Amino acid sequence: MKLSYLSKFYQKSLIERWEALVSAGVIAEDDASDMNNHLQLPNEIANHMIENQIGTYDVPLGLGLNFLINNKEFVIPMATEEPSVIAAASYAAKTISHAGGFTTTVHNRMMIGQIALKDVPNLALAEQVLLKEADDIIEKANAAHPSIVNRGGGAKSIETRIIEANDTYDSPDFLVVHIHVETLEAMGANIINTMVEAIKPYIEELTGGSAIMGILSNYATECLVTSTCRIPVHLLERAGYTGEEVRDRIVEACQFALVDPYRAVTHNKGVMNGVDAVVLASGNDTRAIEAGVHAYAARSGQYRSLTKWTKAANGDLLGEITFPLPIGTVGGSISIHQAAQFTKEVLGSPSAKELESIIASVGLAQNFSAIRALVTEGIQKGHMGLQAKSLAISAGAKGDQIEKVTKQLKQAKNMNLETAKALLSKLNK
Ligand code: MEV
């Protein structure tokens, strides 16, 4: 890729951006000649994806730039309706790329299926029997979905958990069987649900209990990814603050989000601005990722920051994020949604592990950008420019009127819709 073609990308027209992507070798020439076709979801397909379908709902698709992840450059498609998110991610990624980029680790990539049992006559004995028959259980689970086994994946191990009766919720003792499944490139919900439903009667037979359900767990603690970065202080100087001051303030911002749940939620919301945008653009399930990530943030019993920012012995700023990221690169709507196919091409057809690394790095970049701004000049300065643009569009500005009204609005005493309308009508006179 020759990513220098993408410099000043934000200043280019839409057509120029597509041309630049071809020149940079990010997409093929054919793709650019038929741009809308690559992104639009035809009603015919949408109608098969959901029920009672009446249309499609568009969200802007943009590109996160300047990402260097494990020494490889990435142009990252991000689908989001929120102004500033893509600019912030790209800006952070630029600083971090000057410091060597992101380094990631995919710790494991197993999905979890659960079978919950009640009325188990002897919990300890049932656990022993399950563990003794583990190979048999795994074999039966794999027999229910042989194609994943043929491709080298499948059920690999089981785990048991006893959840004791809880008076507050009037709940009985539960014996829970977890089956760990390697789903390869898929997120694997269907694979897992097929397996757990197939082995449910056998698990009941082995334990003497009654299964209340068998289902995938979205709390994918066996599918964790970490992204890290290391930024020297000379890259952090900003808005009248020295690099050391910015570093120390970022560390404090993180400490605050580690100890105060009110701040942690907003801090992590900023992380998810980036994460969700890539998850959505790649055709993955944003709700599954959100649910799992927030549960992980609360794993200590208190909801805390997903990221950690600390000072290294040599004074550099160290950033780290770890969370569950059970995404896929095939299956679900990915294979039938042409925008998801297109974004995969832009990313260079990454493996699921590589996509996890990309998404985690975007989350870390997004958080870095937000807290760097928050602890220095604040975020409103940057946001107001984009807010002005939204107001200009809401007031009815079209074409080059948008930039003209935006510019005047930024200097106006009151930045609101009324002023935007007044400026537009003055322009039209
Ligand atoms: C806004 O969408 C996200 C931020 O509030 C995140 C943060 O406060 O860290 C800027």
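One cavity of 30 Å³ or more is present in this structure, which is a predicted model. The volume of the largest cavity is about 50 Å³. Its lining is formed by Ser 282, Gly 328, Thr 329, Thr 343, Lys 344, Leu 347, Pro 350 and Leu 355. Sorted by class, the lining of the largest cavity comprises three nonpolar, four polar and one charged residues. Gly counts as polar in this scheme, so Gly 328 is placed with Ser 282, Thr 329 and Thr 343 in the lining. The nonpolar residues of the lining are Leu 347, Pro 350 and Leu 355, and Lys 344 carries the charged label.

The ligand has its own set of surrounding residues. Around the ligand are Glu 82, Arg 263, Thr 266, His 267, Lys 269, Gly 270, Asn 273, Ala 370, Leu 374 and Ile 379. By class, this shell splits into three nonpolar, four polar and three charged residues. Ala 370, Leu 374 and Ile 379 are the nonpolar members, while Glu 82, Arg 263 and Lys 269 are the charged ones.

Polar side-chain atoms approach the ligand at several points. For Glu 82, a polar side-chain atom is 2.6 Å from a ligand oxygen atom. In Lys 269, an N or O atom of the side chain lies 2.8 Å from an oxygen atom of the ligand. Asn 273 places a polar side-chain atom 2.9 Å from an oxygen atom of the ligand. The ligand taken alone exposes 300 Å², and the protein buries 85% of that area.

Which elements give two or more residues to the shell around the ligand? They are helix H11 (261-281) and helix H14 (352-374). Of these, H11 supplies the largest share of the shell, with six residues. Lys 269 and Asn 273, described above for their contacts with ligand oxygen, fall within the range of H11. Ala 370 and Leu 374 fall within the range of H14.

At the level of the whole protein, the division is into domain 1 (40-106 + 224-377), domain 2 (111-217) and domain 3 (382-428). Domain 1 is thus written as two sequence segments. Between the C-alpha centres of domain 2 and domain 3 the distance is 58 Å.

Key: Residues are numbered from 1 along each chain as its sequence is written. This is a predicted model: local features need pLDDT of at least 70, side-chain atom pairs count only at pLDDT 80 or more; totals for chains, interfaces and linings use all residues. Side-chain values use heavy atoms; hydrogens and water are left out. A residue is near a molecule or strand if one of its heavy atoms lies within 4 Å of it. A polar contact is a pair of N or O atoms within 3.5 Å; within protein, one must be able to donate a hydrogen and the other to accept it, and residues adjacent in sequence count only if both atoms are side-chain atoms. Accessible areas come from the Shrake-Rupley method with a 1.4 Å probe; for residues, only the protein chains shown count as cover. Helices (H or I, at least four residues) and strands (E, at least two) are DSSP runs, numbered from the N terminus. On a 1 Å grid over the protein atoms alone, a cavity is a set of points where a 1.4 Å probe fits but cannot get out, and a pocket is an open set with protein on both sides within 12 Å along at least five of seven lines; lining residues have an atom within 4 Å of a point. Grid points are joined across faces, edges and corners, and a volume is the space filled by probe spheres set on the points. Domain bounds come from an automatic or database domain assignment.
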